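Please examine the sequence and the model below. The account that follows begins with one pairing between strands and moves outward from there.

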Amino acid sequence: MKKNICDCLPEELETECIEILHQPRYRADQLLEQIYIHHVSRFRDMNVLPKPLRSLLDEHFHYLLPTIDKRFEAADGTIKYLFRLEDGVFIESVLIREGKRKTVCFSSQAGCPLECRFCATGLGGFKRNLTTAEIVGQILAIEQDIREKVNNCVAMGQGEPLLNYEKVKQAIALFVHKKAMNLSSRHVTISTVGIVPGIQRLADEELPCRLAISLHSATGKIRDEIVPVNKKYPLGELRKALDYYAEKTSNRITFEYILLAGKNDSKEDIAALAAFIKGLPAFVNIIPFNEVPHIAFKRPSKNRVDFFQKECEIMDIEAFVRQEKGSEIMAACGQLTQ
Ligand code: SAH
């Protein structure tokens, strides 16, 4: 089977170019520039390369980005992409613009096995893990579409990145590699529901990325109910893994906290949150629940959101309310499903 070129690290490509294709080393650099800087989507269109080499590349490598099946653009500039993969499976990604920052919220799995009660993705079930090329390909296809470079990547699309660890790890390596996407590690974020062994591994291997934890409740009973994987990796275990991560990396951790009216938005919930994150280098992103068809939770009022944020401040929790983007095209957090 031919290797997908977007699965390969620049070093691997160099070796293949020299040892198998018998090319000088600089050809590998030119090839990488064609893919990651100029976004040329077919070998045959890479005019800087000699024609025989372009045919040789076609014989040795596979180069196919996810295909844009649908594209929804919101008034605030957010674009939701529905991509079709080679085997006909669909995934979604979202481009969010905030000033100079262009963020892609990418998927790490097609569907999701976790069934968090408030999230649209879990409703559709799990299909499969994505390959590295399919993860990196989402960003490349979007850059091709908007003709601009993306400068921030977050694994907050469909799926649980730490349940697809190897492929996500390789994608991160390509995101930050100087000869590939060349992003700063501060601009790559892995968001996880709290897969404890994955967090430990991420710390041990010092992956060049930031960590976000989808916490949503610091009370075992409530978290069990809204995030069922909490039964497998309960809050105590999660906290231990986070202490380990903080000690190893000294990175700040983001906690994501969806506000569900009447469920996790009381003073007691804030006290539990404060106790859970005490001593960690952390801040909290408050995400007012985005309503999703077939899901019964309600979005809290603006007053309630303000109350929650103020109470957090009083408890010495640094908390921001996440600006909602793209909700009219069902591209906001938790609305990704097709
Ligand atoms: N599995 C990972 C990656 C998915 S991220 C994780 O759980 O972190 C998706 C983000 O959107 C998470 O913070 C998730 O909790 C949040 N989210 C899911 N459904 C939502 C909804 N209906 N409204 C607002 N945020 C939601």
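**From a strand pair to the sheet and its helices**

Ser 214 has Glu 256, in strand S12, as its bridge partner. This pairing belongs to a predicted model, in which strand S11 (residues 210–214) and strand S12 (residues 253–259) run parallel and are joined by 4 bridges. Helix H11 (residues 302–314) packs on the sheet, where it touches S12, strand S13 (282–288) and S14. The direction of H11 makes about 165° with that of S14.

The wider arrangement is an open sheet of 10 strands with mixed pairing, in the order S3-S4-S5-S6-S9-S10-S11-S12-S13-S14. Strand S3 (67–73) and strand S14 (319–321) are its edge strands, each pairing on one side only. From one strand to the next, the twist averages 20°. Another helix, H6, lies across strand S9 (152–155) and strand S10 (188–192), and runs at about 160° to S10.

Within the sheet, strand S4 (residues 79–84) contains Lys 80. Is this lysine, Lys 80, buried or exposed? Lys 80 has a relative accessible area of 6% and therefore counts as buried, the cut-off being under 20%. Its side chain makes a polar contact, at 3.4 Å, with the side chain of Glu 92.

H6 also leads to helix H1 (residues 10–20), since H6 (165–176) is among the elements that cover the buried residues of H1. The cover further includes strand S1 (3–4), helix H2 (25–36) and strand S2 (61–62). The residues of H1 that are buried are Pro 10, Leu 13, Glu 14, Glu 16 and Cys 17. Viewed down the axis of H1, these residues fall within an arc of 165°, and they therefore line one face of the helix. After H1 comes His 22, which has a positive phi, near 55°.

The cysteines remain to be considered. How many disulfides does a search of the whole structure find? The search finds 0. For Cys 6, the closest cysteine sulfur is that of Cys 8, and the separation of 8.5 Å is too far for a bond, because a disulfide requires sulfur atoms within 2.5 Å. Cys 6 is buried, with a relative accessible area of 1%. Cys 119 likewise lacks a bonding partner, because its closest cysteine sulfur, in Cys 116, is 6.3 Å away and too far for a bond. Cys 119 is also buried, with a relative accessible area of 19%.

Conventions:
Residues are numbered from 1 along each chain as its sequence is written. This is a predicted model: local features need pLDDT of at least 70, side-chain atom pairs count only at pLDDT 80 or more; totals for chains, interfaces and linings use all residues. Side-chain values use heavy atoms; hydrogens and water are left out. Buried means under 20% relative accessible area, exposed over 50%, partly exposed in between (1.4 Å probe, protein chains only). Helices (H or I, at least four residues) and strands (E, at least two) are DSSP runs, numbered from the N terminus. The arc is that of the directions from the helix axis to the C-beta atoms. Contact means heavy atoms within 4.5 Å. A polar contact is a pair of N or O atoms within 3.5 Å; within protein, one must be able to donate a hydrogen and the other to accept it, and residues adjacent in sequence count only if both atoms are side-chain atoms. Two strands pair if DSSP finds at least two bridges between them. Axes are lines fitted to C-alpha atoms, for helices over the stretch in contact, and angles run from 0 to 180 degrees between N-to-C directions.
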